[in-house]
Each structure stands twice: as structure tokens, then as C-alpha cells.
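Here is a short note to read alongside the model, arranged as numbered points. Please keep the sequence and the structure open while going through it.

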Amino acid sequence: MATMAECRSALRRLSDNLATADGDVRSAAALDRSLSCHIKDLGITFTGRLADGRITVRDTVEGPPREKAEIRLAMTGDDLVSLVDGDLNFAKAWASGRVRLEAGFRDLLKLRSLL
């Protein structure tokens, strides 16, 4: 099971990947939205912001997110690490229910290029 430190590191690497992306991925990452990533097996949620092509983690809270972020992710810590490492395909994980992504309709349309 991935640790909290490994999950935080994976989010940092994801942020770095988004910041250096081009094309459709860069456009999708250019959103300015609140973000939460609930790590189900650790019982924690990272909260922060997606802005200027980067993810900034501002806080870590116990349990599910207390406030509803504009973009919400939920998965296990191992799945987060596997996604960022490229060992797990996001679209397949999302379709199978391993990863949950919730956002407004327009944001989902924009984020589809990340799938």
C-alpha cells in the first residue's frame, strides 16, 4: 500500500508532467479549479488547486473532502502512484471504477484529453 508521502510525491510528479505538457494536455491543464484527491485506502484527502498547468496541494485532511472541489478524484494510493508512473491507464481505470473523476460537464469535456 502506498504511503501518504508516496502519494504526495506522485501528485508532485503529476504536476510537473502537466506543466511540461503541450497541445491538448497543456490546454486541459490550463484550467483554474479547486481540486481534491481522496485516497480511499489511507482515508485522507489532498486538497488544492489546478492552475497555470500545475497542481498545488494546499492541505491534507482526514477522511473524504470536507468541501466539494470543482474537480474531484478518488482512488487508492497504489492506483495514484501507478497512474503517474504510467503503469495504469487512466481511461481504463476510470471506466472500471478504480478511479473516480467528478467535475462539471464543461470541465469533463476539457479534461477528456487527459484520458
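**Notes on the model**

1. Among the elements of the protein, helix α2 (residues 23-29) has the lowest mean pLDDT, at 74, while strand β1 has the highest, at 97. This is a predicted model, and across the protein the mean pLDDT is 91, with 97% of the residues reaching 70 or more.

2. On annotation, UniProt, in an unreviewed entry, places the feature "domain: SCP2" at residues 31-102. Over residues 31-102 the chain is 22% helix and 44% strand, and the C-alpha atoms at the two ends are 15 Å apart.

3. The strands form an open sheet of five, in the order β3-β2-β1-β4-β5 and with mixed pairing. Its edge strands are β3 and β5 (100-103), each of which pairs on one side only. Neighbouring strands of this sheet are turned against each other by 20° on average, direction ignored.

4. The pairing around β4 deserves a careful look. Strand β1 (residues 33-39) and strand β4 (residues 71-75) pair in the parallel sense over five bridges, and within this pairing H38 has A74 as its bridge partner, while I39 has M75. Strands β4 and β5, by contrast, run antiparallel and are joined by four bridges; here R72 stands opposite E102 in β5.

5. Two helices can be placed against these strands. Helix α1 (residues 4-19) lies across β1, β2 and β3, and runs at about 160° to β3. Helix α3 (residues 77-85) also packs on the sheet, where it touches β1 and β4, and its direction makes about 110° with that of β4.

6. How many of the five residues of β4 are buried, and what does this say about the strand's surroundings? Five of the five are buried, so β4 is largely enclosed by the rest of the structure. Both faces of the strand are covered, since I71, L73 and M75 on one side are buried, as are R72 and A74 on the other. For a bench reader, R72 may be worth locating in the display: this arginine is among the buried residues of β4, and its place opposite E102 was noted above.

7. The count of aromatic pairs comes to one. The rings of F90 and W94 have their centres 6.5 Å apart and their planes at 35°, so the pair is tilted, given that angles under 30 degrees would count as stacked and those over 60 as edge-to-face. F90 and W94 are four residues apart in helix α4 (residues 90-96), which means that about one helical turn separates them. As for solvent, W94 is partly exposed, with a relative accessible area of 34%.

8. One backbone detail remains to be checked by eye. Most residues other than glycine have a negative phi, yet D52 has a positive phi of about 55° although it is not a glycine. Where along the chain is D52 placed? D52 sits in the loop between β2 (44-51) and β3 (54-62). With a relative accessible area of 70%, D52 is exposed, because the cut-off for that term is over 50%.

Key
Residues are numbered from 1 along each chain as its sequence is written. This is a predicted model: local features need pLDDT of at least 70, side-chain atom pairs count only at pLDDT 80 or more; totals for chains, interfaces and linings use all residues. Side-chain values use heavy atoms; hydrogens and water are left out. Buried means under 20% relative accessible area, exposed over 50%, partly exposed in between (1.4 Å probe, protein chains only). Two strands pair if DSSP finds at least two bridges between them. Axes are lines fitted to C-alpha atoms, for helices over the stretch in contact, and angles run from 0 to 180 degrees between N-to-C directions. Contact means heavy atoms within 4.5 Å. UniProt positions are given in the numbering used here, feature names are shortened, and annotations may be inferred rather than shown by experiment. pLDDT is the predictor's confidence in each residue, from 0 to 100. Rings of Phe, Tyr and Trp (its six-membered ring) pair if their centres lie within 6.5 Å; planes under 30 degrees apart count as stacked, over 60 as edge-to-face and the rest as tilted.
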